[in-house]
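You asked for a note to read beside the structure before going into it alone. The points below are numbered, and each takes up one topic.

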Amino acid sequence: MARRGCCCVGAVVLWRLHVPGPILVQLFGREPSHFHAAARVVAQLGFDGVDLNFGCPDKSVSGKQGAGSALIAEPTLAQDIVLAAKAGVAEGSKLAGLSEPIPVSVKTRIGVTSDVLDTWLQSLMVRSARRGCAAARGACRQGEGVASLCSWGGMMFLVCLVVLYLMVMMDAWLPHTPPHHQDVRPASITIHGRTRQEMSRVPAHWDVIARGAAAVRASGLPIVYMGNGDAMSYAHALDLAAAHGVDGVMMGRASFGTPWLFDERCV
Ligand SMILES: Cc1cc2nc3c(=O)[nH]c(=O)nc-3n(C[C@H](O)[C@H](O)[C@H](O)COP(=O)(O)O)c2cc1C
């Protein structure tokens with residue numbers, strides 16, 4: 001599992017050792033089949049969720065392996081990874097005797113070198129069309145044009161229908177995505193309000209995070225949307241959430257040396 005491109009399963013040591021609340025395992029990589037296998041194991045082991053790391057800026061991850069934040073520039077592959085992870089947790093959860101699959105979430109950034117959150121979020125929420133279907137639609141449009149030009153248009157229309165039918169059937173056979181999961185939407189998306197290039201060197205762009213919150217709300221999809229970046233305390237996180245319309249705030253560096261940070265009694 002430690003080889004290049006493989007997913008990393010962590011947090012096993014902490015598993016169920018006096019840790020209250022849900023415990024998720026975060027995976028990184030770029031090969032959908034690895035995510036499928038790892039997510040299956042995570043669910044089978046009894047963890048509460050799988051988080052997909054689409055935000056790591058580290059050169060060894062995003063540069064060498066094309067994983068983490070590099071996937072922001074490869075939305076179709078990112079979608080394939082989400083679908084593969086969902087298929088994996090569905091299988092693992094079933095094997096673990098759960099009635100529902102454990103959730104799959106995504107942690108990511110606003111872009112690689114610039115803010116592309118609008119289009120990136122869109123591709124995380126909706127898979128617009130399967131490649132084969134798009135091709136079939138194109139063929140149909142072409143066919144319609146040809147039919148109107150020919151004197152024997154009815155015949156051409158029939159041919160077009162047959163071609164369309166065959167292409168739709170072929171689309172079902174193509175091995176480009178796990179066949180049983182086309183709902184690409186993760187249960188939760190957390191946006192770290194910086195680009196990969198910005199690392200953590202500039203203040204987090206909470207205005208961009210808020211724009212993403214509005215887009216998710218407007219989509220009407222049941223997605224838990226969280227913001228991340230520069231929250232210094234529990235009270236500060238609550239203020240950030242209220243001011244920017246997010247469902248929650250993820251805290252990172254503020255927890256270093258203060259692991260009780262997440263306890264509301266310590267505000
Ligand atoms: C030392 C270190 C390790 C990190 N490791 C991860 C990681 O494994 N997965 C992840 O999603 N984010 C990781 N992050 C990023 C944080 O989760 C967070 O996005 C970032 O620090 C900004 O939030 P903050 O301002 O609250 O720290 C790491 C950050 C630091 C400083």
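**Notes on the predicted model**

1. Met-199 is exposed, since 12 other C-beta atoms lie within 10 Å, and a residue counts as exposed at 12 or fewer. Met-199 sits in the loop between strand E4 (188-195) and helix H7 (206-219), and its phi is positive, at about 50 degrees, although Met-199 is not a glycine.

2. A second residue other than glycine with a positive phi is Asp-230, where the value is near 75 degrees. Asp-230 belongs to the loop between strand E5 (224-228) and helix H8 (234-244). Is Asp-230 buried or exposed? Asp-230 counts as buried because 20 C-beta neighbours lie inside 10 Å, and the cut-off for a buried residue is 20 or more.

3. Asp-230 also matters for reading the ligand site, as it is among the residues that come nearest to the ligand, together with Lys-107, His-192, Gly-252 and Arg-253. The shell around the ligand holds 15 residues, which divide into eight polar, four nonpolar and three charged.

4. On the confidence of this predicted model, the mean pLDDT of the protein is 83, and 73% of its residues reach 70 or more. Two stretches deserve caution: pLDDT stays under 50 over residues 131-150, for which the model has 28 contacts beyond four places in sequence, and likewise over residues 175-181, for which the model has twelve such contacts. Where pLDDT is low, the predicted coordinates should not be read in detail.

5. For the overall layout, the protein has eight helices and six strands, and, read along the sequence, they follow the pattern β-α-β-α-α-β-α-α-α-β-α-β-α-β. Of the 267 residues, 36% count as buried. Among contacts with a separation of 6 or more, 67% are accounted for by residues 24 or more positions apart.

6. Helix H1 (residues 32-45) can be checked for length: at 1.5 Å a residue, its 14 residues should span 20 Å, and because its end C-alpha atoms are 20 Å apart, the model agrees with that expectation. Just after H1, Gly-46 takes a positive phi of about 100 degrees.

7. The buried residues of H1 are Pro-32, His-34, Phe-35, His-36, Ala-38, Ala-39, Arg-40, Val-42 and Ala-43. What covers the buried residues of H1? The cover includes strand E1 (24-27), strand E2 (49-54) and helix H3. When looking at such a helix, it helps to recall that an α-helix has 3.6 residues a turn, so residues three or four places apart point the same way.

8. Two pairs of residues link H1 to distant parts of the sequence. His-36, found in helix H1, is buried, with 24 other C-beta atoms within 10 Å; its C-alpha atom is 7.9 Å from that of Ile-81, although the two are 45 residues apart in sequence. Ala-84, which lies in helix H3, is buried as well, with 25 C-beta neighbours inside 10 Å, and the C-alpha atoms of Ala-84 and His-34 are separated by 8.5 Å across 50 residues of chain.

9. The largest nonpolar core has 53 residues, and those that touch the most other members are Leu-27, Ala-39, Val-50, Leu-52, Val-82, Ala-85 and Val-89. Which helix gives the most to this core? Helix H3 (residues 75-95) does, with nine residues. Setting aside residues up to four places away in sequence, Val-89 touches Ala-39, Ala-43 and Val-50, and also Pro-101, Ile-102 and Val-104.

10. Strand E2 contains Asp-51, which counts as buried with 21 C-beta neighbours inside 10 Å. Beyond residues up to four places away in sequence, Asp-51 touches Leu-24, Gln-26, Ser-105 and Lys-107, and Lys-107 is one of the residues that come nearest to the ligand. Asp-51 and Ser-188 are 137 residues apart in sequence, yet their C-alpha atoms are 8.8 Å apart in space.

Note on methods. Residues are numbered from 1 along each chain as its sequence is written. This is a predicted model: local features need pLDDT of at least 70, side-chain atom pairs count only at pLDDT 80 or more; totals for chains, interfaces and linings use all residues. A residue is near a molecule or strand if its C-beta atom, placed from the backbone, lies within 6 Å of it. Ala, Val, Leu, Ile, Met, Phe, Trp, Tyr, Cys and Pro count as nonpolar, Asp, Glu, Lys and Arg as charged, and the others, Gly among them, as polar. A nonpolar core is a set of buried Ala, Val, Leu, Ile, Met, Phe, Trp, Tyr and Cys residues joined through C-beta atoms within 7 Å. Helices (H or I, at least four residues) and strands (E, at least two) are DSSP runs, numbered from the N terminus. Two residues are in contact if their C-beta atoms, placed from the backbone, lie within 7 Å. The expected span of a helix is 1.5 Å times one less than its number of residues. pLDDT is the predictor's confidence in each residue, from 0 to 100.
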